[in-house]
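The following exercises concern overall form, domain arrangement and a ligand site. Each task is followed by a worked solution.

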Amino acid sequence: MESQSQQLNVIFVPYPTPGHMIPMIDTARLFAKHGANVTIITTHANASTFQKSIDSDFNSGHPIKTQLIQFPSAQLGLPEGVENIKSGTSQEMLGKISQGISMLQDQIEIVLQDQQPDCIVSDMFYPWTVESAAKLGIPRLYYYSSSYFSSCSAHFIRKYKPHENLVSDTQFFSIPSLPHNIEITSLQLEEWLRTRNEFSDYLNVIYESEGRSYGTLYNSFHELESDYEQLYKSTMGIKAWSVGPVSTWVNKDDVEKARRGHSKDLAVESELLNWLNSKENESVLYVSFGSLTRLSHAQIVELAYGLENSSQSFIWVIRKKDKDEDGEGFLEDFEERMKESKKGYIIWNWAPQVLLLDHPATGGIVTHCGWNSILESLSAGLSMITWPMFAEQFYNEKLLVDVSKIGVPVGSKVNKFWASVGEDAVVKREEIAKAVALLMGSEEESIEMRRRARKIGDAAKKSIEEGGSSYNNLMQLIDELKSLKISRGLEKTN
Ligand code: UDP
């Protein structure tokens with residue numbers, strides 16, 4: 001047993017949006033399972049989405065706890081419990097939640113000063129933690145919640161600006177300096193890259209903080225994107241550890257999979273599981289656009305008909321916009337029809353995604369190319385229909401379609417966050433049905449794609465077993481942080 005003074009104390013500072021927070025919590029739990037003393041700083045409502053897992057780890061003897069801070073809901077006029085970007089149903093509400101998150105800095109600084117950890121694992125969106133770590137004389141790890149591929153792509157586009165001076169914003173160009181020829185249009189680039197705005201300036205501060213970090217943690221694995229892992233390390237000149245897929249590593253049983261990122265337990269979803277259990281293996285398509293995206297009514301109608309006209313059973317997770325949105329009747333009728341025919345199952349707002357993807361009846365996914373959804377699908381060995389929406393999702397699509405060759409693009413053309421998207425339907429029902437037929441079909445091309453996806457899934461599982469690449473990376477990182485702690489201790493005594 002290590003004495004208390006030898007034990008490594010690591011503080012995790014997650015950013016409250018599911019795509020960032022969920023993988024960081026998984027990673028924090030992995031650190032605790034491998035001997036680090038872990039504290040997660042977060043607010044009440046956010047803690048409620050993962051506290052059961054933390055309690056169960058703690059009760060199994062892993063040193064992990066949550067340190068609560070107060071979200072300024074009342075001050076901002078936000079309803080109680082609205083403390084996460086996923087709760088924003090309008091542009092105005094999203095603005096207030098972001099403001100509330102930025103107001104947490106002082107409280108977080110106090111906890112850091114108070115607890116004097118040996119390392120801070122910080123979400124990328126808190127650039128100021130570089131200074132906090134410097135004050136404490138400890139390493140700061142930058143937690144990036146997407147792929148090496150997207151990080152390198154965005155880096156070289158920012159550096160060489162190949163999207164400027166093109167004839168049109170729909171003209172394809174190659175992303176410079178990548179090991180593969182990857183073509184993209186200017187309209188598919190992040191909104192803040194296309195047109196400079198306040199967020200572009202904030203991102204520059206973030207990238208600058210990345211360069212000054214001790215290293216970066218990636219929820220990825222060597223076998224998936226080794227060329228880009230290498231390129232990232234050589235380009236950024238900082239260390240990087242691939243420790244994923246963290247979800248598969250830490251959430252082993254169905255109870256854990258179902259409650260991941262969610263305060264409710266499995267029983268609530270049992271009607272859904274009965275439905276899924278009644279389906280043949282690999283026959284169901286899972287359709288989800290992640291934790292944030294809310295589709296326009298016109299797009300919902302196209303997707304509904306696209307799915308209904310396809311020959312596939314499906315589960316569709318729908319997140320609605322504000323309540324006064326018209327068209328409620330359409331979805332009610334659609335849900336009723338799907339219930340009667342047993343062809344489709346609609347889940348409102350939040351699905352036990354990892355549980356569903358790992359279910360033997362699930363055979364493919366329609367994804368918005370959020371990195372976590374991609375990794376979770378890969379771990380389940382699923383090929384995907386790619387329908388990127390915003391941020392770095394279009395780069396992730398290119399990785400799946402052009403590099404790994406396990407993605408069928410639906411034909412998404414414009415990079416835009418849901419709250420600023422108009423009311424048009426961007427992708428038509430015919431395109432959706434066509435992509436579904438290719439993904440789930442029995443042509444050679446479809447079978448090959450599924451074979452490649454399964455192979456990547458096997459590699460993902462191997463990487464987190466003892467002796468696997470991600471396993472070794474995590475052990476090496478924890479050892480390195482312990483050595484740094486010992487050296488600091490020696491410096492102090494000298
Ligand atoms: N998620 C979930 N149920 C949902 C929606 C999302 O469990 O109904 C989880 C999903 O498994 C993933 C995360 O939330 O871990 C979403 O992250 P991702 O990077 O896929 O996309 P984002 O939500 O950031 O766009």
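**Exercise 1. Determine whether the radius of gyration of the protein agrees or disagrees with that of a compact globule.**

Solution. The model is a predicted one. The globule rule is 2.2 Å times the number of residues to the power 0.38. For 494 residues, a compact globule would have a radius of gyration near 23 Å. The protein has 22 Å, which agrees with that expectation. Two further values complete the picture: the C-alpha trace spans about 75 × 55 × 50 Å along its principal axes, and 45% of the 494 residues count as buried.

**Exercise 2. State what secondary structure the protein contains, and what share of its contacts with a separation of 6 or more joins residues 24 or more positions apart.**

Solution. The secondary structure comprises 22 helices and 15 strands. Among contacts with a separation of 6 or more, 69% are between residues 24 or more positions apart.

**Exercise 3. Explain why strand E1 is described as largely enclosed, and identify its parallel partner.**

Solution. A residue is buried if 20 or more other C-beta atoms lie within 10 Å of its own. In E1 (residues 9-13), four of the five residues are buried, so the strand is largely enclosed by the rest of the structure. Its partner is strand E2 (residues 37-43): the two run parallel and are joined by four bridges. Within this pairing, valine 10 of E1 stands opposite valine 38 of E2.

**Exercise 4. Describe how domain 1 and domain 2 are placed, and what domain 1 contributes to their contact.**

Solution. The protein is divided into domain 1 (9-145 + 464-493) and domain 2 (262-461). Their C-alpha centres lie 30 Å apart. The contact takes 16 residues from domain 1 and 12 residues from domain 2. On the side of domain 1 that touches domain 2, helix H1 and helix H5 (91-102) each supply at least two residues. H1 gives the most to this side, with four residues. By class, the side has six nonpolar, eight polar and two charged residues.

**Exercise 5. Establish where the ligand lies relative to the two domains, and which helices surround it.**

Solution. The ligand is surrounded by 18 residues, of which the closest are Gly19, Gly290, Ser291, Gly370 and Ser373. At least two residues of the shell come from each of helix H1 (18-33), helix H17 (353-358) and helix H18 (371-379). H18 gives the most, with four residues. The shell divides into eight nonpolar, nine polar and one charged residue. Both domain 1 and domain 2 give residues to the shell, so the ligand lies between them.

Key. Residues are numbered from 1 along each chain as its sequence is written. This is a predicted model: local features need pLDDT of at least 70, side-chain atom pairs count only at pLDDT 80 or more; totals for chains, interfaces and linings use all residues. A residue is near a molecule or strand if its C-beta atom, placed from the backbone, lies within 6 Å of it. Ala, Val, Leu, Ile, Met, Phe, Trp, Tyr, Cys and Pro count as nonpolar, Asp, Glu, Lys and Arg as charged, and the others, Gly among them, as polar. Domain bounds come from an automatic or database domain assignment. A residue is buried if 20 or more other C-beta atoms lie within 10 Å of its own, exposed if 12 or fewer, and partly exposed in between; C-beta atoms are placed from the backbone. Two residues are in contact if their C-beta atoms, placed from the backbone, lie within 7 Å. Two strands pair if DSSP finds at least two bridges between them.
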